[in-house]
Amino acid sequence: MVGDEMTKRVRCSYQLSFYLNGDALDPAELTALLCVEATKSHKKGMKWTTSTQKEVVQKTGLWALVLKGGDREDLSTLVSRMAVALARRRSSLDRLPRVQDAYLDVLILTDADEDGGGCDFTLSLHTVEEMKAIGLPVNITFAVVVP
């Protein structure tokens with residue numbers, strides 16, 4: 001390898017989400033308890049129309065805080081931002097009313113290249129401790145996107 005080939009890095013983007021689900025979940029109540037606005041939320045039974053004019057009825061309630069990494073934000077930065085956002089809460093995350101499921105979701109996207117695609121990341125001990133302090137299960141999804 002020479003020149004640019006040695007320094008070529010596959011670009012990755014990250015998204016970190018905090019999801020709460022429950023049939024009787026009340027988004028306004030959760031916003032008050034968590035002291036942070038959801039980036040998306042709805043109650044069970046809410047109806048909406050898709051772009052193809054199909055009516056959809058929500059099967060469960062949702063409250064979500066979604067943080068998207070920018071060009072210079074890695075996963076560790078997003079975890080720190082999430083920890084700060086959730087630090088103001090007035091209730092333990094495992095004892096929120098009418099919540100049946102609570103978890104963090106990590107989405108890692110990379111562009112496909114001639115070798116197929118892929119990327120790497122490192123979680124420092126500090127980042128792992130921040131995730132542990134949040135106290136929820138973590139789902140991780142890797143996806144290769146074809147441009």
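This is a working chat about a predicted model, covering its sheet, one histidine and its helix contacts.

User: Start with the sheet. In what order do the five strands come?

Analyst: The order is β2-β5-β1-β6-β7. The five strands form an open sheet, and the pairing is mixed.

User: Which strands stand at the edges?

Analyst: β2 (40–42) and β7 (138–145). Each has a single partner strand, so one side of each is left without a neighbour in the sheet.

User: And what does the twist average from one strand to the next?

Analyst: The average is 15°.

User: How do strands of a sheet pair in general?

Analyst: Through backbone hydrogen bonds, either parallel or antiparallel.

User: OK, which sense does β1 take with β6, and over how many bridges?

Analyst: β1 and β6 are antiparallel, with ten bridges between them. Within that pairing, S13 has L109 of β6 as its bridge partner, and N21 has D101.

User: What about β1 and β5?

Analyst: That pairing is antiparallel too, over eight bridges. N21 turns up again here, with L62 as its bridge partner in β5.

User: Then how do β6 and β7 run?

Analyst: Strand β6 (residues 101–111) and β7 are parallel and are joined by eight bridges. Along them, L104 stands opposite V138, and V106 stands opposite I140.

User: Back to β1. How many of its residues are buried?

Analyst: Eleven of the eleven, so β1 is largely enclosed by the rest of the structure.

User: Which residues sit on each side of β1?

Analyst: One side has C12, Y14, L16, F18, L20 and G22, and the other has S13, Q15, S17, Y19 and N21. Both faces are covered.

User: Changing topic: H42. Where is its place?

Analyst: H42 is in strand β2, which is one of the edge strands.

User: Is H42 buried or exposed?

Analyst: Buried. Its relative accessible area is 13%, and the cut-off for buried is under 20%, so H42 qualifies.

User: What lies 3.2 Å from a polar atom of its side chain?

Analyst: The backbone oxygen of T60.

User: Which residues is H42 in contact with, leaving aside neighbours within four places in sequence?

Analyst: L25, P27, Q58, T60, G61 and L62. Of these, L62 is the β5 residue that bridges to N21.

User: Now helices. Which strands does α2 lie across?

Analyst: Helix α2 (residues 27–34) lies across β1 (12–22), β2 and β5 (61–68). Its direction is at about 45° to β5.

User: And α3 with α4: at roughly what angle do the axes cross?

Analyst: Roughly 35°, and the axes come within 9 Å. Here α3 is residues 75–87 and α4 is residues 125–134.

User: Is the crossing left-handed or right-handed?

Analyst: Left-handed.

User: Which residues meet there?

Analyst: From α3, S76, V79, S80, M82, A83 and L86; from α4, T127, E130, M131 and I134. The residues of this contact divide into six nonpolar, three polar and one charged.

Terms used: Residues numbered from 1 in each chain as written. Predicted model: local features only at pLDDT ≥ 70, side-chain atom pairs only at ≥ 80, totals over all residues. Heavy atoms only, no water. Axes fitted to C-alpha atoms, helices over the stretch in contact; angles between N-to-C directions. Helix = DSSP H or I, 4+ residues; strand = E, 2+ residues; numbered from the N terminus. Left-handed = near helix turned anticlockwise from the far one by under 90°. Contact = heavy atoms within 4.5 Å. Nonpolar A, V, L, I, M, F, W, Y, C, P; charged D, E, K, R; others polar. Pairing = 2+ DSSP bridges. Buried < 20%, exposed > 50% of the residue type's maximum accessible area, 1.4 Å probe, protein only. Polar contact = N/O pair within 3.5 Å; in protein donor to acceptor, adjacent residues only side chain to side chain.
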